[in-house]
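Dear colleague,

Please find below the structure that I am handing over to you. My findings follow directly after it.

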Amino acid sequence: MRDRRAVRFDYRSAGSENIRTRTVEPWGVVSRRGRWYLAGFDRDRDAPRAFRLSRIIGQVTLVGRPGAVEVPEGLDLRRMVGFPEEPVEERAATLRVRQGACEGLRQLAAAVRPSPQDGWDEVELAFSDPERLAGWIASLGSDVVLLDPPDAREAVIRRLKGALA
């Protein structure tokens with residue numbers, strides 16, 4: 001993108017094992033819910049498209065001369081990637097936090113109460129993105145356990161298992 005050059009790569013579409021070569025004029029990269037997307041003009045489809053970076057297979061090849069790609073003026077990458085101005089659904093997570101630890105988390109909490117388990121408190125924390133919450137909670141290590149909701153808990157477990165691997 002920095003050089004304003006088109007790129008070519010093999011890409012596996014969502015829910016498919018088919019791999020196709022794509023030639024794209026990159027306009028930008030945007031993150032949403034822990035996933036990164038390349039937004040640009042797909043020369044093969046002759047239309048603007050978004051590509052999840054984790055589905056790009058192998059090496060990316062530069063195509064054409066530097067400066068050949070022009071980013072449309074006023075482009076809204078988030079909207080182009082398919083995330084319109086949607087209302088953010090705020091949810092509550094329940095966590096068990098070791099007493100005397102995770103002061104930053106405690107300051108953001110809606111409620112902190114003693115846990116039935118000695119040496120721990122229960123914390124209620126507002127969040128909207130389970131993957132983003134999972135990244136933060138996993139980084140706090142053994143001082144915090146996400147109890148609820150199940151999707152956020154599973155996201156933390158996946159991250160911790162990934163760290164072990």
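Helices α3 and α4 lie oblique to each other. The reason is found in their crossing angle: the axes of α3 (residues 130-139) and α4 (residues 150-164) cross at roughly 50°, and an angle that is neither under 35 degrees, nor from 65 to 115, nor over 145 counts as oblique, so the two helices are placed in that class. At this crossing the axes come within 8 Å, and α3 passes α4 in the right-handed sense. Please bear in mind that the model is a predicted one.

Which residues bring the two helices together? From α3, the contact involves Pro130, Glu131, Leu133, Ala134, Gly135, Ile137 and Ala138. These meet Asp151, Ala152, Ala155, Val156, Arg158, Arg159 and Leu160 of α4. By character, the residues of this contact comprise 9 nonpolar, 1 polar and 4 charged.

The model also contains an open sheet of 4 strands, in the order β7-β8-β6-β9 and with antiparallel pairing. Its edge strands are β7 (111-114) and β9 (144-148), each of which pairs on one side only. From one strand to the next, the twist averages 25°. Within this sheet, β6 (residues 91-98) and β8 (residues 120-127) are joined in the antiparallel sense over 8 bridges. To locate one of these pairings, you may look at Ala92, whose bridge partner in β8 is Ala126.

Where do the two helices stand with respect to this sheet? Helix α3 packs on the sheet and touches β6, β8 and β9; the direction of α3 makes about 145° with that of β8. Helix α4 likewise packs on the sheet, touching β6, β8 and β9, and the direction of α4 makes about 145° with that of β9.

There is a further open sheet, made of 5 strands in the order β4-β3-β2-β1-β5, again with antiparallel pairing. Here β4 (47-52) and β5 (56-63) are the edge strands, and each pairs on one side only. Neighbouring strands of this sheet are turned against each other by 45° on average, with direction ignored. Strand β2 (residues 19-32) pairs with strand β3 (residues 35-42) in the antiparallel sense, over 8 bridges. A convenient place to begin is Val30, as the bridge partner of Val30 in β3 is Tyr37.

With kind regards

Note on methods: Residues numbered from 1 in each chain as written. Predicted model: local features only at pLDDT ≥ 70, side-chain atom pairs only at ≥ 80, totals over all residues. Heavy atoms only, no water. Axes fitted to C-alpha atoms, helices over the stretch in contact; angles between N-to-C directions. Left-handed = near helix turned anticlockwise from the far one by under 90°. Contact = heavy atoms within 4.5 Å. Nonpolar A, V, L, I, M, F, W, Y, C, P; charged D, E, K, R; others polar. Pairing = 2+ DSSP bridges.
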